[in-house]
Amino acid sequence: MVSLPEPLRRLDPSRRIRHVIYYLTGLVALVLLYTLAYNYALARLEGVDQSIFASFEFVIQTMTTTGYGQDSDLWSHPLMFLFVAAIQLSGIAIGFFTLRLIIIPLFTGAEVNLDDRLSRKNDHVVICEYRRDSAVLLDELRELGIDYVLISSSRENAEELSNRGYAAIHGSPQETETFERASIDTARAVITDAGDANVNTILTVKSVRPEVEVIALTDDSEMADVLRAVGADTVLSPHGVLGHRLAEKAVATFSADLRDTIEIGGDTRLMELPVSDTSELVGRKIREARVRERTGATIVGAWIDGELQLPPSPDAVVKQNTVLLVSGEERALEQLSEFIRPPRSFTEHERFVLVGLGEVGHAARSVIQEAGGEVVTVDVADRPEVDVVGDGGSRAVLREAGVEEAGAIIVGVPDDSAALLTTVLAQSLNPDIEVLVRVSDADTTQKAFTAGADYVLSVPRVSARMVAKELRGEDVLAPASQIRLVRVPTSPFAGSTLAGSNIYEQTGCRVIAIEDAAGQTVPVDPGREFTGDERMTIVGSDEAVQRFLKRFDVSPTEFR
């Protein structure tokens with residue numbers, strides 16, 4: 001049996017190949033029919049006895065429009081002219097069909113050597129089997145000016161990323177030849193996110209280049225010691241960090257303590273503060289709240305309907321799912337917290353419902369238990385730690401878990417559709433409940449806010465921030481946070497004032513703290529001229545901070 005070329009077989013394993021076979025068979029049959037008919041017509045209508053091979057050559061020349069003039073002096077009968085015209089027209093039509101059905105798919109489906117698309121690499125990062133939305137991390141690295149090569153064992157995934165302009169190649173990260181193609185000899189680090197194959201990948205990397213730095217990502221924090229033992233220099237567990245952050249945010253909602261602040265200079269702190277649905281701010285414009293006059297705290301930004309406003313419009317209306325980004329001294333933040341989210345004591349055995357007891361769920365559970373809260377766990381798997389066995393997307397299961405009386409629910413399931421359904425159901429059963437959600441796709445964040453979530457974190461964003469921190473020594477408010485906070489030198493703005501630098505207008509970032517050359521915090525004065533020796537703290541979304549770092553070509557410094 002004759003087999004088709006590999007590119008044709010790759011187009012479709014069934015239907016398209018059958019169509020191509022039928023088409024080629026019909027084309028051969030038509031050519032033979034034209035040859036016999038033309039040879040017969042010459043003999044009967046024109047009285048010319050011609051070789052069947054000469055007639056075959058004429059038919060091929062005519063159908064391909066490459067020539068047919070040598071027989072034109074043999075025709076005199078009208079039917080012969082009509083027959084030859086029919087051959088010409090059908091040949092043109094068949095040419096178009098052949099181009100569309102075979103030629104174009106043959107070349108577009110042909111295997112592409114992705115290595116040929118790579119530019120010369122030096123001091124780059126080799127990324128193996130990144131499973132957390134590769135585009136989020138690759139965009140992060142590209143904006144930070146970090147060169148990279150991504151290795152994917154899926155040819156389809158590698159080609160898709162390469163076609164979108166990313167530096168991706170196809171290969172197995174368990175083969176030394178793949179790393180040689182990725183120029184590991186000049187790489188600064190290797191990032192592996194290969195799941196169960198992490199150990200194999202690390203051993204392969206170390207066999208090729210023992211001194212290269214290896215950063216391993218894992219969904220199982222218990223594997224950290226194993227990965228370090230085989231050669232990983234750093235082990236990151238994004239799910240664990242994300243679970244801790246969600247739980248800390250849930251606990252902070254019902255506690256008078258400021259658990260999730262960061263010092264940005266002197267006595268000034270910064271924190272994200274979800275607005276309780278019972279807060280007097282709900283339904284009021286920000287200008288009407290008079291937060292600074294009443295507490296001394298400053299509203300730096302606000303997440304309203306899933307959109308970060310830096311700074312928020314004074315006419316923006318505070319809603320139930322609004323998260324304020326505020327700065328000030330500890331006492332000012334405590335006063336602000338009191339009327340934004342009236343605290344409730346854990347002595348009342350505040351109930352937290354936790355849906356999904358994977359890595360995210362376990363991390364969140366430990367934080368809540370340490371704070372003294374009552375945790376009710378929900379999972380589809382029947383395990384000792386699970387209190388309610390069932391799907392969180394079921395009203396009956398959520399009722400059994402006590403959602404109607406709970407103060408907060410943390411949704412940590414890996415499926416985004418299930419997370420959104422659980423969010424909507426929890427809100428319908430208890431409109432006053434705080435909903436904190438983990439999503440696996442960064443694009444689902446806005447949907448979660450629309451569904452009623454009060455706080456949303458995406459695994460791809462958290463993972464990308466953690467990797468960026470390791471590669472650039474950069475820190476943020478927390479790797480798992482809805483905003484990004486970095487400290488940068490003021491050297492690009494030496495001789496200009498904060499107002500004249502147009503930082504916000506050009507990048508969307510806001511300056512919230514300034515340290516002088518001696519490390520002392522100084523007031524953020526728009527008219528103060530930079531000497532270039534200061535350091536300033538900027539806040540913004542991931543995209544805004546990336547724009548800042550790229551536009552002004554500065555490297556962030558690590559928070560102490």
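**Exercise 1.** In this predicted model, find which residues Ile127 is in contact with, leaving aside neighbours within four places in sequence.

*Solution.* Start at Ile127 and skip the neighbours within four places. The contacts left are Leu137, Leu138, Leu141, Tyr148, Val149, Leu150, Ile151 and Ile191.

**Exercise 2.** Place Ile127 in the largest nonpolar core, and name the helix that gives this core its largest share.

*Solution.* The largest nonpolar core has 80 residues. Ile127 is among those that touch the most other members, together with Ile410, Leu471, Met536 and Phe548. Helix α18 (residues 459–472) supplies the largest share, seven residues. Next, look for a separate core. A second one holds 27 residues, including Leu398, Ala406, Leu420 and Ala453.

**Exercise 3.** Classify the ring pair of Phe493 and Phe548, and locate both partners.

*Solution.* The ring centres lie 6.1 Å apart, within the 6.5 Å limit for a pair. The planes meet at 35 degrees, and the pair is tilted. Phe493 sits in the loop between β18 (484–489) and α19 (498–501), and Phe548 in helix α21 (residues 542–552), so the pair ties together parts 55 residues apart in sequence. Both Phe493 and Phe548 are buried.

**Exercise 4.** Do the same for Phe493 and Phe552.

*Solution.* Centre to centre, these rings are 4.7 Å apart. Their planes stand at 65 degrees, so this pair is edge-to-face. Phe552 belongs to helix α21, 59 residues from Phe493 in the loop. Phe552 is buried, as is Phe493.

**Exercise 5.** How many aromatic pairs does the whole structure contain, and which residues do ring pairs link into a cluster?

*Solution.* The search finds eight pairs. Ring pairs join Tyr38, Phe58, Trp75 and Phe81 into a cluster.

Terms used: Residues numbered from 1 in each chain as written. Predicted model: local features only at pLDDT ≥ 70, side-chain atom pairs only at ≥ 80, totals over all residues. Heavy atoms only, no water. Phe/Tyr/Trp six-rings, centres within 6.5 Å; stacked < 30°, edge-to-face > 60°. Helix = DSSP H or I, 4+ residues; strand = E, 2+ residues; numbered from the N terminus. Buried < 20%, exposed > 50% of the residue type's maximum accessible area, 1.4 Å probe, protein only. Core = buried A, V, L, I, M, F, W, Y, C linked by side-chain atoms within 4.5 Å. Contact = heavy atoms within 4.5 Å.
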